[in-house]
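Please read the following explanation alongside the sequence and the coordinates, taking the chains one after the other and then together.

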Amino acid sequence: MKVLKLTVAALVASAAFAGAAAARDQIQVAGSSTVLPYAKIVAETFGETFPDFKTPVVESGGSSAGLKEFCKGVGEDTIDIANSSRKIKDSEVEACKAAGVTEIQEVKIGYDGIVFATDAGNADLALKPEHLYKALAAEVVVDGKLAANPYKKWSEVDASLPDAEIAAYIPGQKHGTREVFEEKILAAGCKASGAQDVIKAAVSDEKQQHSKCVAVRKDGLAVDIDGDYTETLARIASNKSGIGVFGLSFYENNADKLKVATVNGIVPSTETIASGEYPVSRPLFFYVKKAHMGVVPGLKEYVEFFIDDQMIGPDSPLAEYGLVAAPDAEREEIRKAFEAGNML
Amino acid sequence: MTDLASPTVRVSTRPAETRRDIGIKRRYAAERRFRVYGISAITLGLLFLALLLSTVVSNGYTAFLQTTITLPIEFSEKVIDPKNERSTDAKQLMTANYPLLVRDALVKQLGLDATKRPQVKQATDMVSASARTQLRDMVVADPSIIGKTVPVTLLAEANIDSAFKGQIDLSVAETNRKVKDQQVAWMNQLADAGVLKKSFNTGIFSFGASSRPEAAGVGVALIGSLYMMLIVLVLSLPIGVAASIYLEEFAPKNRLTDLIEVNINNLAAVPSIVYGLLGLAVFINFAGMPRSAALVGGFVLTLMTLPTIIIATRAALKAVPPSIRSAALGLGASKMQTIFHHVLPLAMPGILTGTIIGLAHALGETAPLLLIGMVAFVVDFPGSPLEPSTALPVQIYMWANEAERAFVERTSGAIIILLIFLVFMNLGAILLRRRFERRW
């Protein structure tokens with residue numbers, strides 16, 4: 001009973017102190033689950049390389065959730081860095097400003113490739129954006145008119161594709177990857193297949209034209225995956241003819257189970273993505289609070305360590321994991337911009 | 001009325017056969033049917049349990065084995081401290097090129113040509129990158145080791161570990177897998193020499209989170225879960241028991257107490273994520289407590305567990321026969337004495353069972369922790385509940401989303417650890433119940 005009383009007293013005391021905790025000595029990072037594996041590698045190596053600083057804590061939860069936490073304000077109980085698989089939106093910058101986070105530094109870390117893959121046992125697959133558009137769009141052009149997507153098999157879309165039922169596992173709306181998929185595949189395919197002209201003739205509003213282009217069929221042949229790539233992998237394992245959308249690094253870690261499709265005849269690899277040949281990629285970012293630099297120990301060092309060539313260069317651990325390194329000149333620019341303290 | 005008035009008349013007028021036919025056959029058949037339903041329900045439940053356990057165990061038992069490579073490491077002064085500065089510059093030992101020591105030992109062991117860099121890189125890739133910190137810590141702890149050659153057991157890199165356990169399909173093309181043919185040949189060579197072998201994986205219990213599967217463990221999560229369970233127990237048991245004793249024994253029965261009762265019952269059914277939102281708003285944003293800390297996690301889980309404990313305690317108090325209370329009061333005990341000397345000890349088994357079920361429920365929760373920042377990558381061990389930590393179910397969730405093959409077995413391994421934790425908690429509940437059980 002005595003022990004119990006003591007513990008209660010200690011807990012109450014610690015709770016009371018929590019409000020006025022001493023300066024936080026651990027960097028706190030939150031945000032994109034795509035950036036998470038990279039941030040984890042950097043955080044871990046940072047902790048090992050700088051024994052004076054604690055290893056940063058990296059939360060996952062998605063780009064939007066991370067930026068929302070980031071924009072809560074300045075101070076101990078707010079995070080220092082938000083990882084993001086997309087550029088910060090103007091509305092988010094506004095929200096940040098309203099909460100007092102006026103000085104935000106944007107740091108680009110490299111590029112992430114998005115690949116299409118199917119079960120390893122299948123034949124080679126050569127995709128084009130227009131194939132995916134025709135197979136997955138809600139409405140396609142049939143006899144010069146927009147109609148609900150009639151295709152049930154890949155071979156009906158294009159004779160070069162396999163004679164299998166269409167089944168595609170695409171990232172759900174909450175993923176940053178979905179936006180890239182819509183822009184680089186559906187919108188591009190919409191244009192390339194000539195459907196855009198038909199839509200333009202039918203709808204005058206530009207926003208509506210775009211949303212018609214990127215609308216995905218809802219009859220169950222295109223499945224939104226709200227979980228992570230592991231879920232997509234499991235779906236493909238149970239439906240061998242299905243096609244899934246993965247990040248390049250995830251695919252490379254599971255290359256023995258998956259067969260990757262070429263897009264426009266280009267095999268996705270760090271080289272083809274860095275050179276821009278492979279069309280489906282996106283930049284990855286993180287955002288730092290300038291006001292926390294010098295207050296949270298190690299924050300400046302962490303960012304500098306992150307953008308050093310030993311982390312994001314072409315032979316770095318991040319590149320080995322699947323990050324597509326930015327070209328030499330761009331990396332130099334990233335470092336210069338950070339040194340100069342360029343603000344958003 | 002007529003039946004009761006003249007029963008004999010009725011029976012005697014019926015034929016003998018129909019008299020006996022009071023649906024015995026039909027009723028027995030119904031009973032048999034019901035038994036079959038019951039047995040099949042139990043069988044189905046057991047079947048699913050067996051399926052779950054067998055998949056988890058068959059996927060996860062290999063996580064408790066780890067491939068290691070034992071190499072004679074020469075702690076050469078030339079590599080660690082070439083200019084002999086360690087007495088003046090403390091940083092020298094921290095920043096020395098330790099991977100070079102591993103490389104040299106491996107080159108020697110495999111008989112490689114140290115100038116062929118790509119080949120040597122493939123060889124050093126077989127050893128975990130955590131070797132660097134392992135050797136550094138050894139040297140920093142005991143600088144006299146410099147100049148000696150000591151056999152050191154290093155962790156094998158995760159893909160080698162998976163390949164050695166047969167989890168990577170080596171029949172697919174070399175370019176499509178993470179382990180190269182040359183590495184497999186070396187792996188077999190080292191295994192034949194007895195240098196590379198599987199041993200019990202203590203790391204899975206003692207390591208914190210890591211991006212390298214071989215160096216990842218549930219250590220931080222275990223400590224975090226332990227902190228939270230302690231906080232939940234210490235806060236929710238006294239609060240819950242006091243609240244239910246007051247509500248059950250002292251409070252007047254009126255609209256207000258009815259309202260409170262309805263609310264408590266409702267709170268028990270509120271989705272746990274709601275408590276997470278509450279915790280974020282109250283504890284972190286308003287009270288300014290640290291993010292990702294076990295303390296906040298414990299508070300949130302306490303709020304979540306309280307209704308369960310209150311409901312269980314009230315049920316246990318209600319189950320104590322009123323005769324006990326009357327007897328105590330009749331002998332001149334005060335109300336307080338009646339409750340604390342007689343009613344509460346008798347209700348104890350029920351209270352403890354409810355508490356432990358509530359705790360077990362809290363132990364398995366991830367949703368409320370997501371919002372208070374505990375679903376995170378935490379490497380450093382938390383020295384107090386105020387420092388960032390994770391929890392066991394969070395670790396399972398995070399590993400389940402990893403791309404590396406070696407995390408598949410570790411996910412199941414962590415599930416096994418969590419299940420063992422739960423079994424022990426339930427055992428504790430049974431033991432406590434046995435101890436406190438009294439008859440009257």
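The paragraphs below go from a strand of chain A, through the contact between the chains, to the domains of chain B.

This is a predicted model, in which local features need pLDDT of at least 70 and side-chain atom pairs count only at pLDDT 80 or more, while totals for chains, interfaces and linings use all residues. Residues are numbered from 1 along each chain as its sequence is written, and chains are lettered from A and ligands numbered from 1 in the order in which they are written.

A starting point in chain A is strand 13, residues 281-289, where helices (H or I, at least four residues) and strands (E, at least two) are DSSP runs numbered from the N terminus. Because eight of its nine residues are buried, strand 13 of chain A is largely enclosed by the rest of the structure; a residue is buried if 20 or more other C-beta atoms lie within 10 Å of its own, exposed if 12 or fewer, and partly exposed in between, with C-beta atoms placed from the backbone. Strand 13 of chain A runs antiparallel to strand 3 (residues 81-84) of chain A, with four bridges joining them, and A:Ala82 has A:Tyr287 as its bridge partner there. Strand 4 (residues 104-119) of chain A is also antiparallel to strand 13 of chain A, through nine bridges, and A:Gly113 is partnered by A:Ser281. Two strands count as paired if DSSP finds at least two bridges between them.

Turning to the contact between chains A and B, 39 residues come from chain A and 37 residues from chain B, two residues being in contact if their C-beta atoms, placed from the backbone, lie within 7 Å. Among the elements that give two or more residues to the chain A side are helix 1 (2-18), helix 2 (36-49) and strand 2 (57-59) of chain A. Strand 2 of chain A is joined by two bridges to strand 4 (residues 376-377) of chain B, and the two run antiparallel; A:Glu59 has B:Ala376 as its bridge partner.

In chain B, the domain assignment, which is automatic or from a database, gives domain 1 (2-60), domain 2 (64-214) and domain 3 (219-436). The centres of domain 2 and domain 3 of chain B, taken over C-alpha atoms, are separated by 44 Å, and 15 residues of domain 2 of chain B are in contact with 13 residues of domain 3 of chain B. Helix 10 (158-164) and helix 12 (203-206) of chain B each supply at least two residues of the domain 2 side.
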